[in-house]
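Biologist: Before I accept words such as buried, paired or bridged, I would like to hear the reasoning behind each of them. Could we go through them one by one?

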Number of protein chains: 2
Amino acid sequence: MVEKALDEIKRGSVEIIDSERIENLVKRFYNEGKNFTVKAGFDPTGADLHLGHTVLLQKLKTFQKHGGVVQLLIGDFTASIGDPTGKSETRKVLDRETILENAKTYQEQVFKILDRDKTEIVYNSVWLEALGASGIVALSRLFNVARMLERDDFEKRYKAGQSISISEFLYPLLQGYDSVALKSDIEIGGTDQKFNLLMGRHLQKAYDLPQQAILMMPILEGLDGVQKMSKSLNNYIGITEEPKDIYAKVMSISDELMWRYYEILSDLSLDEIAKMREDVKNGLLHPKKAKERLALELTARFYNEEFANIAKREFDNVFKSNKIPSDIEEFEAQKGIWICRALVDTKLEPSTSQARRDIKQGAVKINQEKISDEKLNLESGDYILQVGKRKFAKLRVK
Amino acid sequence: MVEKALDEIKRGSVEIIDSERIENLVKRFYNEGKNFTVKAGFDPTGADLHLGHTVLLQKLKTFQKHGGVVQLLIGDFTASIGDPTGKSETRKVLDRETILENAKTYQEQVFKILDRDKTEIVYNSVWLEALGASGIVALSRLFNVARMLERDDFEKRYKAGQSISISEFLYPLLQGYDSVALKSDIEIGGTDQKFNLLMGRHLQKAYDLPQQAILMMPILEGLDGVQKMSKSLNNYIGITEEPKDIYAKVMSISDELMWRYYEILSDLSLDEIAKMREDVKNGLLHPKKAKERLALELTARFYNEEFANIAKREFDNVFKSNKIPSDIEEFEAQKGIWICRALVDTKLEPSTSQARRDIKQGAVKINQEKISDEKLNLESGDYILQVGKRKFAKLRVK
């Protein structure tokens, strides 16, 4: 029982620090019924959750099944600093009103996944404001500049002569202090958060508390299969999107990315996934079928099976009604290609000026949707281009 | 009138930033009678003032004569951080009680020099505590890490792999914010404070205030003539010491250091000082007479002329009663020389073991005072060594 729980907990993680502590906490739960706390911090700098966020949420849900009480940390204080982790520039500072609005929207969404009864939602402004000016100074005595500059992104920016504000040095300390205030037993986060997660352990020790165990999950790639899923890159699947959109977006990803999503997002066992992959490889299963299964699972997760099936039927019908031939020619192009150029290169149009006229007249569709912007540049992805009723081409933009 | 005032103000300064502003403020005072503010910060990490501190206090007094209202800043908040300026290690953090006690002692002493009616004593905990946690974070957004690391001592320590705590990065920001809170027109400080003084200008600009002018004074050497005067090096003249001790300590300094003290500490005009120096050089004035004049001036400054004269008589009598011959032989030795070795080298003792025995029996005096420590090592300075009633030697330890 405990063994199975631990397997579930560790699945998909990239690194665990102090896994013995996790094992002991889970054992204690199964032997004595005692709960433990699992902290996860979310910066309310964006309102809508996407699949990338659900990687951690799914993991928290797993912990909840095995004795974990989730400390869902809304970094309303720290969001006012802006942490640049994984970014090359200081994050924009948000005003308090936006932060609180985002946090509210955020809460409405997390309970699509988390068990409400085993979740405490906590705001770090509560204890961080209470520290006061002298508390912040006292806290900042507990870490040194050289070690702070060892954090990957700080080091890179420092060496590149890019500005790092002193406030950014406070960020890791403040979010680490959250673990002190919350006396967290475990904290989970993305691999890009390692430095900050370790700060929690460092400060708990300085404050004479037991040190939290750390479990790090991978960063989910966006629909392009390359960059981190994020709203600003527009390569995301939002969990509040319409069922048909979630379904269609999953159907649009590459086969390779599909297996990655299976591994990180699916509830199917790793064995089942391996079997499916083998079947596809041996031609026993069409990759489209595998993708449909994933699209159904993820759509059902944020709605239910019925809505997922409706989404699938809709998706299939659109394709049928558009009578896309099954054997259309495939092309490749470089990222950022101009739509008119793409229409010429795929032999759908004789010239870019003709392409421009057709777009204006509404005769051009991308993935079954009419377009009107003749200046459009195509991002990475798979597209079905259509001119009029009968001319089709597949275009893979790399 | 204004010109003379400005000459007095600028005397002895090493660097002035925005001297035009100082000129305008002084002119305005003489034309319109409007006062201006002059900030000087003192860290209450030590209680007793010595001559080194009076360099700035004398300058403040000069400002008071020409329209300046002194903002005497007691850094009770920042003292709890410890700024390492000019030191190779993080300063020890003081508890609040000691800080306040020191500040009180400090205040009692400054009015030996400053005009009480033209002085505001201010504690920076008032506005810095009020900043709160989020205020500190907002403030720390106004400066960047790379520029902070350019501060001499930080750069050296960083490169040498010595620890710099994050709190030390807050220090310059907080003391710079003092100038914002106080809306200071001018700030004065030692040359070692340049970075911090400029921070005041930087932050005033960021807060949309007129920028303070800066006047930097030299750092006073201690009695050894080499290192900064400081209590911890025991090379200081405390302003609360007995008149006879102040007098005697001034009499103990080298001729070279005497001229330095004249320049920085005396109220004599630079012309008068130059004349005296010329006279000494040409043999018209004995250097001892010049030193007596300085000793009288400085003793009278912290007491009065009467006390100074008594101190002089006492000093002269001690020398007379000890019947020190006027033509005793002079020797030189290296700093740190062992007293027994010195007694042998100056031909007062035949051997170090004899010297040791004589010290134990109370037969050895240094500067007219019996010594008992046979392990003593001599610091830099001029000494009169004496064994028994009749054997004398002068020793200059370099």
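Modeller: What follows is a set of questions on a predicted model, each answered by setting a value against a cut-off.

Biologist: Let us begin with a sheet in chain B; what is the order of its strands, and which of them are the edge strands?

Modeller: The open sheet of 5 strands in chain B runs in the order S7-S13-S12-S9-S10, with mixed pairing. Strand S7 (330-333) and strand S10 (369-370) of chain B are called edge strands because each pairs on one side only, and a pair of strands requires at least two bridges.

Biologist: How do you know that S7(B) and strand S13 of chain B pair, and in which sense?

Modeller: S7(B) and strand S13 (residues 391-397) of chain B are joined over 4 bridges in the parallel sense, and the definition asks for at least two. One of the residues involved is B:Ala333, whose bridge partner in S13(B) is B:Val397.

Biologist: What makes the contact between B:Lys398 and B:Glu332 a salt bridge?

Modeller: The nitrogen-to-oxygen distance between the side chains of B:Lys398 and B:Glu332 is 3.5 Å, while the cut-off is within 4 Å, so the pair qualifies. B:Lys398 lies in the segment after S13 of chain B and B:Glu332 in strand S7 of chain B, so the salt bridge ties together parts that are 66 residues apart in sequence. Both B:Lys398 and B:Glu332 are exposed.

Biologist: Which side chain meets that of A:Glu168 in a salt bridge, and are the two residues buried or exposed?

Modeller: The side chain of A:Glu168 meets that of A:Arg157 at 2.9 Å, N to O, which is again within 4 Å. Since A:Glu168 lies in helix H8 (residues 166-182) of chain A and A:Arg157 in helix H7 (residues 152-159) of chain A, the pair ties together parts that are 11 residues apart in sequence. A:Glu168 is buried, and so is A:Arg157.

Biologist: Why is A:Glu329 called partly exposed, and why does A:Lys347 count as exposed?

Modeller: A:Glu329 has a relative accessible area of 45%, and partly exposed residues lie between the 20% and 50% limits, so the name fits. A:Lys347 counts as exposed because its relative accessibility is 58%, and exposed means over 50%. The side chains of A:Glu329 and A:Lys347 also meet in a salt bridge (3.5 Å, N to O).

Biologist: What makes A:Asn35 partly exposed, and where is its place in chain A?

Modeller: A:Asn35 is partly exposed because its relative accessible area is 44%, which falls between 20% and 50%. Its place is in the loop between helix H2 (19-32) and strand S2 (36-42) of chain A. Leaving aside neighbours within four places in sequence, A:Asn35 is in contact with A:Arg28, A:Phe29, A:Gly67 and A:Val69. A polar atom of the side chain of A:Asn35 lies 3.0 Å from the backbone oxygen of A:Gly67.

Biologist: How do you know that the span of helix H3 of chain B agrees with what is expected, and why is H3(B) called largely enclosed?

Modeller: Helix H3 (residues 51-65) of chain B has 15 residues, which at 1.5 Å a residue should span 21 Å, and its end C-alpha atoms are 21 Å apart, so the two values agree. H3(B) is largely enclosed by the rest of the structure because 11 of its 15 residues are buried, among them B:Leu51, B:Val55 and B:Phe63. Just after H3(B), B:Gly67 takes a positive phi of about 105°.

Note on methods
Residues are numbered from 1 along each chain as its sequence is written. Chains are lettered from A and ligands numbered from 1 in the order in which they are written. This is a predicted model: local features need pLDDT of at least 70, side-chain atom pairs count only at pLDDT 80 or more; totals for chains, interfaces and linings use all residues. Side-chain values use heavy atoms; hydrogens and water are left out. Helices (H or I, at least four residues) and strands (E, at least two) are DSSP runs, numbered from the N terminus. Buried means under 20% relative accessible area, exposed over 50%, partly exposed in between (1.4 Å probe, protein chains only). Contact means heavy atoms within 4.5 Å. A polar contact is a pair of N or O atoms within 3.5 Å; within protein, one must be able to donate a hydrogen and the other to accept it, and residues adjacent in sequence count only if both atoms are side-chain atoms. The expected span of a helix is 1.5 Å times one less than its number of residues.
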